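New to this one? Here's a quick tour to read alongside the sequence and the 3D view.

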Amino acid sequence: MERNQAECIVAELLQRADIGVTVKLEKRFPGGRLIGGKYAMNAHAITMYTDTIETQCIQMFGSVERVEEYFMVVLAHEIGHSADSELLDLSDALEQESGLGARQRLALQIEENAWNYALKLVPEIEATFISAVIEESLVAYRVPVMEQSDIA
């Protein structure tokens, strides 16, 4: 994905969201993890990792044919974090919670809140496409919560 394509998508979604968050583009998340985007609450800033977005798109869909849509969906999710009025309280609760099950449920709630916002921000994205991205994203949060429920 070319930088100017990413910049156009960023400009469009920031205009739609109108929440004053800043977005910067980098190639890869430091440390080698496959993170496509990250919201920093203390800086009220999002960093999108364009090369990682391409890698994730290939892993999920087999090509970069829909990388612009994929980038848009991931960015909408990160904007969702920045727009979440519950994020500060949920993050504080997550930090203070010592129980594994409660921590996992809080982390899942944080992610679900961001995805709920993202869905409203990109209504033009095909439902099956965005659902696939959401489901893949949430599996790492839902499985531990389900496993904790089975234990309890």
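**The sheet**

Start with one pairing: Tyr39 has Ile46 as its bridge partner in β3. Keep in mind that this is a predicted model.

- Tyr39's pairing belongs to a wider picture: β2 and strand β3 (residues 45-49) are antiparallel and share four bridges.
- Zooming out, there's an open sheet of three strands, in the order β1-β3-β2, and the pairing is mixed.
- At the edges sit β1 (22-26) and β2 (37-40), each of them pairing on one side only.
- From one strand to the next, the twist averages 20°.

**The helix across it**

- Helix α2 lies across β1 and β3, and runs at about 55° to β3.

**The aromatic cluster**

- You'll find three aromatic pairs in the structure.
- In one of them, the ring centres of Phe61 and Tyr70 are 6.3 Å apart with planes at 75°, so this pair is edge-to-face.
- Phe61 is partly exposed, at 31% relative accessible area, while Tyr70 is buried at 5%.
- Phe61 also pairs with Phe129: the ring centres are 4.6 Å apart and the planes sit at 15°, so these two are stacked.
- Phe61 is in helix α2 (residues 50-61) and Phe129 is in helix α6 (residues 127-151), so their pair ties together parts 68 residues apart in sequence.
- Phe129 is buried, with a relative accessible area of 2%.
- Put together, Phe61, Tyr70 and Phe129 make one aromatic cluster.

How values were computed
Residues numbered from 1 in each chain as written. Predicted model: local features only at pLDDT ≥ 70, side-chain atom pairs only at ≥ 80, totals over all residues. Heavy atoms only, no water. Phe/Tyr/Trp six-rings, centres within 6.5 Å; stacked < 30°, edge-to-face > 60°. Buried < 20%, exposed > 50% of the residue type's maximum accessible area, 1.4 Å probe, protein only. Helix = DSSP H or I, 4+ residues; strand = E, 2+ residues; numbered from the N terminus. Pairing = 2+ DSSP bridges. Axes fitted to C-alpha atoms, helices over the stretch in contact; angles between N-to-C directions. Contact = heavy atoms within 4.5 Å.
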